[in-house]
Amino acid sequence: MSVSWPGLKDLLALLDHWPAWKRIVQAPDRIEELEKRLAELEEKPIFPSCPHCGRPAWQMTESKPAGRLPDQIKGHRDLRFRCLDCGFEDVIRRVPE
Ligand SMILES: [Zn+2]
């Protein structure tokens, strides 16, 4: 009794019909692409989201004592924020708890 094994070409052709196999074949390129995107993201500083446009570009540009002297002594400060993307600005008063 002889068994005929399919050739490597036939096996690879058969595997191409299996969706999961296609993903496995594409994995090295996909991983390389993701590593590149991750490296780009790691280089950029991460800012909170802008309340106006929602992009992560909300940066504090100034911090100064706020209110009258008693409040200033208590540590009240006006924090000025500006969106690096859309330019929206706002001042938020920080009051220590
Ligand atoms: Zn914005």
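Domain bounds come from an automatic or database domain assignment.

**View 1. The chain holds two domains.** Domain 1 covers 8–43 and domain 2 covers 58–94. Their C-alpha centres lie 48 Å apart. The model is predicted: local features need pLDDT of at least 70, side-chain atom pairs count only at pLDDT 80 or more, and totals for chains, interfaces and linings use all residues. Residues are numbered from 1 along each chain as its sequence is written. The mean pLDDT (the predictor's confidence in each residue, from 0 to 100) of the chain is 90, and 97% of its residues reach 70 or more.

**View 2. Helix α2 spans residues 19–43.** Helices (H or I, at least four residues) and strands (E, at least two) are DSSP runs, numbered from the N terminus. From first C-alpha to last, α2 reaches 35 Å, close to the 36 Å expected (1.5 Å times one less than its number of residues). A bend of about 50° (the angle between axes fitted to the seven residues ending there and the seven starting there) falls at A27, and P28, a proline, follows within four residues. The count of buried residues (20 or more other C-beta atoms within 10 Å of a residue's own, with C-beta atoms placed from the backbone) in α2 is zero.

**View 3. Strand β2 pairs with β1 and with β3.** Two strands pair if DSSP finds at least two bridges between them. Seven antiparallel bridges link β1 (residues 58–65) to β2, where D78 is the bridge partner of K64. Six bridges join β2 to β3 (residues 89–94), also antiparallel, and R80 stands opposite V91 in β3.

**View 4. A hairpin joins β2 and β3.** Five residues lie between the two strands, and G87 in the turn has a positive phi of about 90°.

Methods:
A residue is buried if 20 or more other C-beta atoms lie within 10 Å of its own, exposed if 12 or fewer, and partly exposed in between; C-beta atoms are placed from the backbone.
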